[in-house]
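Student: Please give a close account of one part of this structure, a sheet together with the helices that pack against it. I should also like to know how the rest of the sheet architecture compares in its description.

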Amino acid sequence: MIDISRLNHLSQARILVVGDVMLDRYYQGDTQRISPEAPVPVVRVSKIEDKAGGAANVARNIAHLDAKVGLLGLIGRDDNGDSLKQILAADGIRSELLAQDEHPTIAKMRVISRHQQVVRLDIEQNFSRQQAEALADQVTALLPDYDYVLVSDYAKGSLAAVGRIIASAKAAGKYVLVDPKQADLAVYRGADIITPNLSEFRLAGGDTSSEAAMFASARAMLERCGITAMLLTRSEHGMTLITASDTHHFPAQVLEVSDVTGAGDTVIATLAVMLGAGMALPQAVEMANLAAGLVVAKLGAATVSPQELAAKLNSHLFSQGDVYLTPFDKALQHIEFAKQNGERIVFTNGCFDILHAGHVRYLAQAKAQGDRLVVGLNSDASIKRLKGESRPVNPLDERATVLASLASVDWVLPFGDDPSEQDTPLQLILKVQPDVLVKGGDYTIDTIVGAREVLDAGGEVKVLQFVDGCSTSAIIKKIKG
């Protein structure tokens, strides 16, 4: 399960991005006629927008996740280079862009009409080996300020000396991530993880004829090239993390794709940030997968904010279904996370020994008081003390499982194993700190356990009526009769 608390440490991630930087320019406008000069649409341009592209877009994704990021790359001494530097400065990115007199800044110009690309124009000239060596020379001086080095290769020549860059980073004890473009993955020897897509994997000799063949060829590739792990991005099939001994698959998280431009940049950027925030590798990949699902639903080379990612994670955790009976501390962590995402937490409690229609209606009414419902559930020992040795009819695990299956219930948290709690949910209420405390029956607010504490914390207390004629005791009596 993802350690949600790590999302509070995104700013601790320190990442140096090295690679092929470029400027993405978008010409947007309406199309209403065909040109009389040639059978092509005429786009009446109403908006021109410049964005960071390539490795610069990776850095921008990292910055938008609140991490510290530096960018090292090559540009031309031209207007496009100046525009790129201004964009990076506005995003708080520390850029170390080496301007070259004889090469232009790489630029991709897209004409877009009615949310569709009409044409793309590329201005580029591969950088020389000498220029790439000069770039590699700059890496060592920057390494002390960063913990992670992210190599973003777009095969434009900036990374012709990538072997030196990786060797320098590893010698300095840095974790190295690579988004590869070279057919020979051995040039990235020493990297901790590479993130090829299926096309890049096949180009490198990967076998995609079957799942088994894919994983076997990936492991052979990792061993041959001296790389620790591979995150294989598989488009609508999600992504797969492959190491020498393990395989973890993550299904795609998007329902509708708007534009895949820059999705790979978001994946590796999010992966680096989550690792830098202290997440384990599989958890970091899961977060990168969620980020990819968000960004491909946007137009152009977009980014994801911490708030968007947190909301997506919150939804994802609920959809998994394993949040209901998770370890106690994990459940409390998720409850707090839901609060941070603006959701109102409702709390109620009871024995719920034999679940009946009255319980179901009551819990639905309780859930309607907010966004998420926590049910405090008396332990078996607690019920015995309250109702006698013949109870409960159903043990805790079974009662919790039935409750968790209800659409109205989001968490089931047991209490009462400790006799010192006096069989009340007070300590649980203090830990959950709900926005709304709900109790059913003939209670008044001054007789509800935890009411004073919830009200003092700024919350609400509400009394709901149970459905008449429905009770566990009555059901037991009827069965015995």
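Tutor: Angles between elements are taken here between N-to-C directions and run from 0 to 180 degrees, the axes being lines fitted to C-alpha atoms, for helices over the stretch in contact. Contact means heavy atoms within 4.5 Å, and the elements are DSSP runs numbered from the N terminus, helices being H or I of at least four residues and strands E of at least two. This is a predicted model, in which local features need pLDDT of at least 70 and side-chain atom pairs count only at pLDDT 80 or more, whereas totals for chains, interfaces and linings use all residues. Residues are numbered from 1 along each chain as its sequence is written, and side-chain values use heavy atoms, with hydrogens and water left out.

The part chosen is an open sheet of nine strands with mixed pairing, in the order S5-S4-S1-S8-S9-S10-S11-S12-S13. Two strands are said to pair if DSSP finds at least two bridges between them. S5 (94–100) and S13 form the edges, each pairing on one side only. Within the sheet, S8 (residues 148–152) runs parallel to S9 (residues 175–179), with five bridges between them; there, Val149 is opposite Val176 of S9.

Several helices accompany this sheet. Helix H3 (residues 129–142) lies across S1 (14–19), S4 (68–76) and S5, and makes an angle of about 160° with S4. Helix H8 lies across S9, S10 (193–194), S11, S12 and S13, at about 160° to S12. H8 comprises 15 residues (281–295), and its first and last C-alpha atoms are 21 Å apart, close to the 21 Å expected at 1.5 Å a residue; the expected span is 1.5 Å times one less than the number of residues. Of those 15 residues, 14 are buried, so H8 is largely enclosed by the rest of the structure. Buried denotes under 20% relative accessible area, exposed over 50%, and partly exposed the range in between (1.4 Å probe, protein chains only).

Helix H6 (residues 211–225) also meets this sheet: its buried residues are covered by elements including helix H5 (198–203) and strands S11 (229–233), S12 (239–242) and S13 (247–250). The end C-alpha atoms of H6 are 21 Å apart, in agreement with the 21 Å that its 15 residues should span. Its buried residues include Ala213, Met214, Phe215 and Ser217. Cys225 counts as buried because its relative accessibility is 2%. Just after H6, Gly226 adopts a positive phi of about 70°. With a disulfide defined as a pair of cysteine sulfur atoms within 2.5 Å, the count comes to zero.

A second open sheet has four strands in the order S3-S2-S6-S7, also with mixed pairing. S3 (41–54) and S7 (116–123) are at its edges, each with a single partner strand, so one side of each lacks a neighbour in the sheet. From one strand to the next, the twist averages 20°. S2 (residues 21–34) and S6 (residues 107–113) are parallel over seven bridges, with Tyr27 opposite Val111 in S6. Helix H1 (residues 55–64) packs on this sheet, touching S2 and S3, and its direction makes about 70° with that of S3. Helix H2 (residues 79–90) lies across S2, S3 and S6, at about 105° to S2.
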